Amino acid sequence: MFDGGGMIMSFHALNCPPSLLSNVNKTLYRTRPTSPLSLLMAQTVESGNFPQSSKNSGTGATIKKRRSPKHLLNQPNTVGIIGGASVSSTLIFLEKLVLWSTRDAEECLPFVVCSDPSLNEELIYSHTSLCSSKARTSQIRLNDDRSIVVENLQRKRAFLEKSGARCIVMPCHISHNWHAEISEGCSLPFLHVGECVARELKEAKLKPLEAGSGVRIGLLAADGILSAGFYQEKLQSQGFEVVLPDKATIEHMLIPAVESLNKRDMEGAQNLLRIAIQVLLVRAVNVVVLASDDIRGVLPHDDPLLKKCVDPMDALARSTIKWARSIKKVHKRSAK
């Protein structure tokens, strides 16, 4: 809905029962709490205007009391989240952020989400999907629409900054193709998923599996992510050797695995993905980074192969929580 020259943005306090989030994607295998999750979500296509709080709205009144004259949220560890093209991926990241940050009786992190699933969804999904028929035909459009996508994401970053965010994250693989452009001029910490993965693996102090070689990290992803090269760059900067899937693995295992999944042939998808992972493991990689939403949750949570795999969005969530807690501690010390 438009109001004059700007767009009215809606802020919703959603009481989301765990069963609702689990239905979005059945890949979250941890035990969920019995209490509902309270999520503050902001949905926008154009950003820069803030909604007027309703006098009759309890939620609006609460927000109005807490916000400063300049920002909607005014807590020093507020996280700003630029949602990806996949709403389910954004919700899964949010659930991890809420559940993991509230462990050990900690308070949930304050956060604001800018979710716009219509943002060139067809373009972004086509480019990142392991279903190659769309990915190949979208490469020209990706180059043509690059500036449009970057400008759109920059506006969302600016919206989050004006909302009071003190740190920005993007739980979306493809958006990191433009991380440098989106973060240009940003005065806030802007976490990069590739850096988060590389840092965690470095801290794990992995040992080479073969004498005379370095630590090898396998990477399974769509052509668009592999071509972008940011995961390879961040991993190599930490001294890792990156092992990519060969053409045969992509064409005869990864793509058919996703096609089987789309046909609801879960057993077929699982078997193909297992082979793809094992192909990398026999090349003496320590772990395999699963950098694709298409293959998230294909394997059951108790599959032994998952112990050799890393979900980049897990690393991003953990890094976000680590940042927020460190800022909160600094703020408490300075307030004394």
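Colleague: Which residues in H12 meet which residues in H13?

Modeller: This is a predicted model. On the H12 side you have Thr 249, His 252, Met 253, Leu 254, Pro 256, Ala 257, Ser 260 and Leu 261. They meet Met 266, Gly 268, Ala 269, Leu 272, Leu 273, Ile 275, Ala 276 and Val 279 in H13.

Colleague: What makes residues of that contact nonpolar, polar or charged?

Modeller: It goes by residue type: Leu and Met count as nonpolar, while Gly counts as polar. The contact of H12 with H13 divides into twelve nonpolar, four polar and no charged residues.

Colleague: Why is H12 called roughly antiparallel to H13?

Modeller: The axes of H12 (residues 247-262) and H13 (residues 266-281) cross at roughly 155° and come within 8 Å. Angles over 145 degrees count as roughly antiparallel, so that label fits H12 and H13. As for handedness, H12 passes H13 in a left-handed crossing.

Colleague: How do you know that E8 and E9 pair?

Modeller: Pairing takes at least two bridges. Strand E8 (residues 216-220) and E9 have three, in the parallel sense. One residue to look at is Arg 216, whose bridge partner in E9 is Glu 241.

Colleague: What makes E9 and E11 edge strands?

Modeller: The open sheet of four strands runs E9-E8-E10-E11, with parallel pairing. E9 (241-243) and E11 (309-310) each pair on one side only, and that puts them at the edges.

Colleague: What is the mean pLDDT of the protein?

Modeller: The mean is 77, with 69% of residues at 70 or more. Over residues 1-69, though, the pLDDT is below 50. Residues 132-142 are also below 50.

Definitions and conventions: Residues are numbered from 1 along each chain as its sequence is written. This is a predicted model: local features need pLDDT of at least 70, side-chain atom pairs count only at pLDDT 80 or more; totals for chains, interfaces and linings use all residues. Side-chain values use heavy atoms; hydrogens and water are left out. pLDDT is the predictor's confidence in each residue, from 0 to 100. Contact means heavy atoms within 4.5 Å. Axes are lines fitted to C-alpha atoms, for helices over the stretch in contact, and angles run from 0 to 180 degrees between N-to-C directions. Helices (H or I, at least four residues) and strands (E, at least two) are DSSP runs, numbered from the N terminus. Angles under 35 degrees count as roughly parallel, over 145 as roughly antiparallel, 65 to 115 as roughly perpendicular and the rest as oblique. A crossing is left-handed if the near helix is turned anticlockwise from the far one by less than a right angle, and right-handed if clockwise.
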